[in-house]
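Colleague: I should like to understand how the parts of this model fit together. May we go through it by question and answer?

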Amino acid sequence: MVIAIDLGSNTFRVALIKKVQNGFSNEQIYEKIVGAARGLNESGKIGLEAKNRLFEAIAEAKSKFDFTKFKCVAVATEAFRVASNSEEIFSEIREKFGINFHIINGQAEAKLTFLGVQNALKKLGINDKFSIIDIGGASSEIGEEGKFISFKFGIITFYERFKMLDLMQENAKIYTKEAKEFLTSLDNRLIVLTSGVPTTIAALKLGLNYESYDPKKVSGYELKNDDLAWFVNELLKMDDKSADVAVGRSRKYPLIAGTLLLEELLSGQKAKFIVIDDGLREGVGAAYLKGIFQEIITKF
């Protein structure tokens, strides 16, 4: 077994992953919103508040998982690829918590996410060829086996740049233009949507809120185009307090931003859309247990 950590530009996700007969399974999971990309557009750094939230999340994870018994493999993504103080933060984490983070590039991130999704689909009995869309906090990964691209837009950085609903609606098409062209070039009969935006849409459609969220119920949900507009409208009808309960504290507007980006990407696609909760975290664990983790992070 291995403890796999995905430190994204918005969310810190941990899982104890075990090799099983039909692939890999999560024996224990933990996640927390740390908002690493908040303020990144302006400062070029991971802010002090985000750093403190991250350190609190690591301390919580250390209290829940047996880091003395199991190997830990940890990766960090776009916010840490671009922040000028990443090495300083990770040096402090190594010293304080004994965890060594690998800052992986966008293609390695996409490949590892693909492996995590592939494993989840197999467990659902789905063996079709598929593409992935992973809209993160500061970057978005899109691709299919052998062909991946990481694009420089994400829900936090996009929201913080425009803030206002009308400005986000106007700019979503511009920001996703290249990504949409790439997506259209793929063999899209099945598009798997992973990350917080589609999983939260699926959860709300299933009657779940942030506290009652269940990854097993969400994974396999078939998302319809109408679900995206429905989700934005539902969030706009909620006051901030109700939205905090429904989708998590301070997530309302970044989720709207992310949904507008996803809506642009998916418009005109004739594929089937499936939501999968598993992603980079699970891919990191699977790759390590398969003995290919190092090869993937050094290949790209």
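The exchange below takes up helices first and then single residues in loops.

Modeller: Two remarks come first. This is a predicted model, in which local features need pLDDT of at least 70, side-chain atom pairs count only at pLDDT 80 or more, and totals for chains, interfaces and linings use all residues. Residues are numbered from 1 along each chain as its sequence is written, and side-chain values use heavy atoms, with hydrogens and water left out.

Colleague: What span does helix H12 reach from its first C-alpha to its last?

Modeller: Helices (H or I, at least four residues) and strands (E, at least two) are DSSP runs, numbered from the N terminus. H12 covers residues 252–266, which is 15 residues. The expected span is 1.5 Å times one less than the number of residues. The expected value for H12 is 21 Å, and the helix comes close to it, reaching 21 Å.

Colleague: How many of the residues of H12 are buried?

Modeller: Buried means under 20% relative accessible area, exposed over 50%, and partly exposed in between (1.4 Å probe, protein chains only). H12 is largely enclosed by the rest of the structure, because the buried residues number 13 of the 15.

Colleague: Is helix H7 roughly parallel or oblique to H12?

Modeller: Axes are lines fitted to C-alpha atoms, for helices over the stretch in contact, and angles run from 0 to 180 degrees between N-to-C directions. H7 (residues 165–185) packs against H12 at about 45°, with the axes 7 Å apart. Angles under 35 degrees count as roughly parallel, over 145 as roughly antiparallel, 65 to 115 as roughly perpendicular and the rest as oblique. The angle therefore makes H7, with respect to H12, oblique.

Colleague: Which residue of H7 has its C-alpha 8.6 Å from that of Leu261?

Modeller: Contact means heavy atoms within 4.5 Å, and the residues of H7 that meet H12 include Met168, Gln169 and Ala172. One of these lies 92 residues from Leu261 along the chain, with the two C-alpha atoms separated by 8.6 Å. With a relative accessible area of 44%, this residue is partly exposed; it is Gln169.

Colleague: Against which elements do the buried residues of helix H6 pack?

Modeller: H6 (residues 155–162) is mostly covered, with six of its eight residues buried. Among them are Ile155, Phe158 and Phe162. Their partners are helix H1 (40–43), strand S6 (131–135), H7, helix H8 (196–205) and H12.

Colleague: What is the phi of Lys163, just after H6?

Modeller: Most residues other than glycine have a negative phi, and most peptide bonds are trans. Lys163 lies in the loop between H6 and H7, and is partly exposed at a relative accessible area of 46%. Although Lys163 is not a glycine, its phi is positive, about 60°.

Colleague: Is Ser195, which also has a positive phi, buried or exposed?

Modeller: Ser195 is found in the loop between strand S9 (190–194) and H8. Its phi is about 95°, although it is not a glycine. Its relative accessibility is 16%, so Ser195 counts as buried.

Colleague: At what angle do H8 and helix H10 pack?

Modeller: The axes of H8 and H10 (residues 225–237) are 10 Å apart, and the angle between them is about 80°. H8 is therefore roughly perpendicular to H10. The contact involves residues including Ile201 and Leu204 of H8 and Trp230 and Phe231 of H10. The angle asked for is thus about 80°.

Colleague: With which side chains does the side chain of Asp277 make polar contacts?

Modeller: Asp277 is in the loop between strand S11 (272–275) and helix H13 (280–290), and is buried, with a relative accessible area of 5%. A polar contact is a pair of N or O atoms within 3.5 Å; within protein, one must be able to donate a hydrogen and the other to accept it, and residues adjacent in sequence count only if both atoms are side-chain atoms. One such contact, of 3.0 Å, is with Arg13, and another, of 2.5 Å, is with Tyr213.

Colleague: Which side chain makes a polar contact with that of Thr68?

Modeller: Thr68 stands in the loop between helix H2 (48–64) and strand S4 (71–76). Thr68 is exposed, with a relative accessible area of 78%. At 2.5 Å, its side-chain partner is Asp66.
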